[in-house]
Amino acid sequence: MAEAAPIVARKNDPALNGRLYVKAVFSGFTRGQRNQNETSSILKLDGVFNKNDAQWYVGKRVVYVYKAHNKKNVPGAAPSRVRCIWGRVTRSHGNTGSVRAKFHKNLPATALGQRIRVMLYPSNI
Amino acid sequence: SQMAGAKKATPRFRRNYELATGVMRFSAARLYHKRGVALCKKTKIAKKAVAPTAKFVTKKVGGSKNGGERKVLASKGAVYLKEDHVLDKPAKVARNPKVQTLRKNITPGTVLIILAGKHKGKRVVFLKQLEKTGLLLVTGPHKLNNVPLRRIAQSFVIATSTKVDVSGVKIPETLTDAYFKRTHTKVEKKGEQANIFASGHQDYKVSEQRKTDQKLVDKAVLASIKKHPEHKFLRGYFCTRFSIRKNQAPHNMIF
């Protein structure tokens with residue numbers, strides 16, 4: 001009789017992880033009509049449509065995740081092609097739920113229109 | 001003064017020099033000491049033996065019920081003006097960082113959602129706030145979601161309104177910050193290593209002490225969960241993870 005495959009306890013299965021961040025899109029840098037300020041990014045959050053709601057997200061950490069060609073070392077894990085730029089939501093932007101964020105390094109222009117993750121921490125609830 | 005054959009010294013002022021007409025940098029008295037003349041003198045002053053004076057003096061006190069005597073300070077210290085107490089400030093400022101105050105909705109027994117780290121999304125039971133660091137001590141319970149007795153910072157946690165009664169849970173006194181503090185074991189690097197992070201550390205091994213403490217605490221916590229009016233759902237609640245689904249926005253959610 002063939003040996004049964006070892007049953008891995010599901011409670012530790014990383015695949016069961018769900019999304020613990022709010023989806024957002026990097027819609028551009030703060031700007032006037034003809035000049036832009038790359039140090040401050042504007043993010044459009046999923047499901048947030050007014051200034052009051054956007055205020056909830058102020059202070060939350062934000063990360064732009066992207067892939068590159070070369071592998072880089074990751075502490076505690078195998079070297080990977082995934083890279084990220086971290087930042088924080090600094091304030092709300094406008095009346096329709098957009099938000100401003102500042103990153104440790106300014107976002108690259110290739111990130112325009114790309115997904116940005118707004119984490120739920122530092123939490124206040 | 002240069003010795004014969006010495007290297008050319010960098011130019012410097014004479015020991016005493018004129019600042020302005022008739023005004024020397026150092027007075028005669030000052031220069032006396034600078035020259036070390038006093039030290040060379042042969043006359044030695046004998047140290048006077050100082051008789052130790054008593055700090056307290058007993059004085060007679062009147063009144064039949066006053067004990068008859070009082071110990072009074074022989075010399076009272078100087079009385080400083082209120083303004084001069086500013087000088088009492090120590091040179092180094094003592095850092096006593098306050099431990100972060102617990103959010104009002106986090107009480108022992110509250111179910112928390114962990115937002116980051118290995119156990120992100122898991123729901124755990126809050127036990128107590130540790131004194132030294134202010135971190136929250138939580139437990140899975142381990143049987144339900146593999147979260148051991150662990151510390152978490154308040155910022156990385158959402159407090160739900162679900163509460164478990166942990167008044168009956170006796171948390172061992174040994175569970176302090178020192179108990180949970182990480183101990184770094186230095187491993188000798190042997191030759192070339194592809195990834196120093198992968199093979200440089202020894203794998204963490206759970207100590208027996210931790211296992212016994214875990215069993216002790218979890219037994220009581222699991223019993224409390226069973227007693228909960230909604231225990232049928234609670235068990236599944238602890239076993240599943242929290243995640244944001246489609247059309248769910250945390251700013252609109254009541255946890």
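In strand β5 of chain A, the bridge partner of A:Lys44 is A:Ser98; strands, like helices, are DSSP runs numbered from the N terminus, with at least two residues in state E for a strand and at least four in H or I for a helix. The model is predicted, so local features need pLDDT of at least 70 and side-chain atom pairs count only at pLDDT 80 or more, whereas totals for chains, interfaces and linings use all residues. Residues are numbered from 1 along each chain as its sequence is written, chains are lettered from A and ligands numbered from 1 in the order in which they are written, and side-chain values use heavy atoms, with hydrogens and water left out.

The pair A:Lys44 and A:Ser98 belongs to the contact between β2(A) and β5(A), the latter spanning residues 98–103; four bridges join these antiparallel strands. Two strands are taken to pair if DSSP finds at least two bridges between them. On its other pairing, β5(A) meets strand β4 (residues 77–93) of chain A in the antiparallel sense over six bridges, and here A:Ser92 has A:Val99 as its bridge partner in β5(A). β4(A) and β5(A) form a hairpin with four residues between them. In the turn of that hairpin, A:Gly94 has a positive phi of about 80°.

Strand β2(A), residues 36–45, is also joined to strand β1 (residues 21–31) of chain A, by seven bridges and again in antiparallel orientation. Within this pairing, A:Phe26 has A:Leu43 of β2(A) as its bridge partner. These pairings are part of a closed barrel of six strands in chain A, which runs β1-β2-β5-β4-β3-β6 with antiparallel pairing. Neighbouring strands of the barrel sheet are turned by 45° against each other on average, direction ignored. Angles of this kind are taken between N-to-C directions and run from 0 to 180 degrees, the axes being lines fitted to C-alpha atoms, for helices over the stretch in contact.

Along the sequence, the elements of chain A follow the order β-β-α-β-β-β-β, that is, one helix and six strands. Of its 125 residues, 31% count as buried, meaning under 20% relative accessible area, with exposed over 50% and partly exposed in between (1.4 Å probe, protein chains only). Among the contacts in chain A with a separation of 6 or more, 57% are between residues 24 or more positions apart; a contact means heavy atoms within 4.5 Å. The accessible surface of chain A comes to about 8000 Å², 51% of which belongs to carbon and sulfur atoms. Accessible areas come from the Shrake-Rupley method with a 1.4 Å probe, and for residues only the protein chains shown count as cover.

Chain B has seven helices and nine strands. Buried residues make up 27% of its 255 residues, and chain B exposes about 20500 Å², of which carbon and sulfur atoms supply 56%. Residues 24 or more positions apart account for 55% of the chain B contacts with a separation of 6 or more.

Five strands of chain B form an open sheet in the order β8-β7-β6-β5-β9, with antiparallel pairing. Strands β8 (150–152) and β9 (157–163) of chain B stand at the edges with a single partner strand each, so one side of each is left without a neighbour in the sheet. The twist averages 45° from one strand to the next. Helix α6 (residues 208–227) of chain B packs on this sheet, where it touches β6 and β7 of chain B, and its direction makes about 75° with that of β7(B). Helix α7 (residues 231–239) of chain B lies across β5, β6 and β9 of chain B, running at about 90° to β6(B).

Strand β6 (residues 123–129) of chain B is largely enclosed by the rest of the structure, because five of its seven residues are buried. Strand β5 (residues 110–114) of chain B pairs with β6(B) in the antiparallel sense over three bridges, with B:Leu112 opposite B:Val124. β6(B) also pairs with strand β7 (residues 136–139) of chain B, antiparallel and over four bridges. In this second pairing, B:Lys128 stands opposite B:Leu137, and B:Val125 opposite B:Thr139. The hairpin of β6(B) and β7(B) has six residues between the strands, and B:Gly134 takes a positive phi near 80°.

The two chains also meet each other. Contacts link 26 residues of chain A with 30 residues of chain B. The size of an interface is often given as the accessible area lost when the parts come together. Chain A and chain B bury about 2200 Å² between them, 57% of it on carbon and sulfur atoms; this buried area is the accessible area (1.4 Å probe) that the two parts lose on being put together, summed over both. Zero salt bridges are found across the interface of chain A and chain B, a salt bridge being a side-chain nitrogen of Lys or Arg within 4 Å of a carboxyl oxygen of Asp or Glu.
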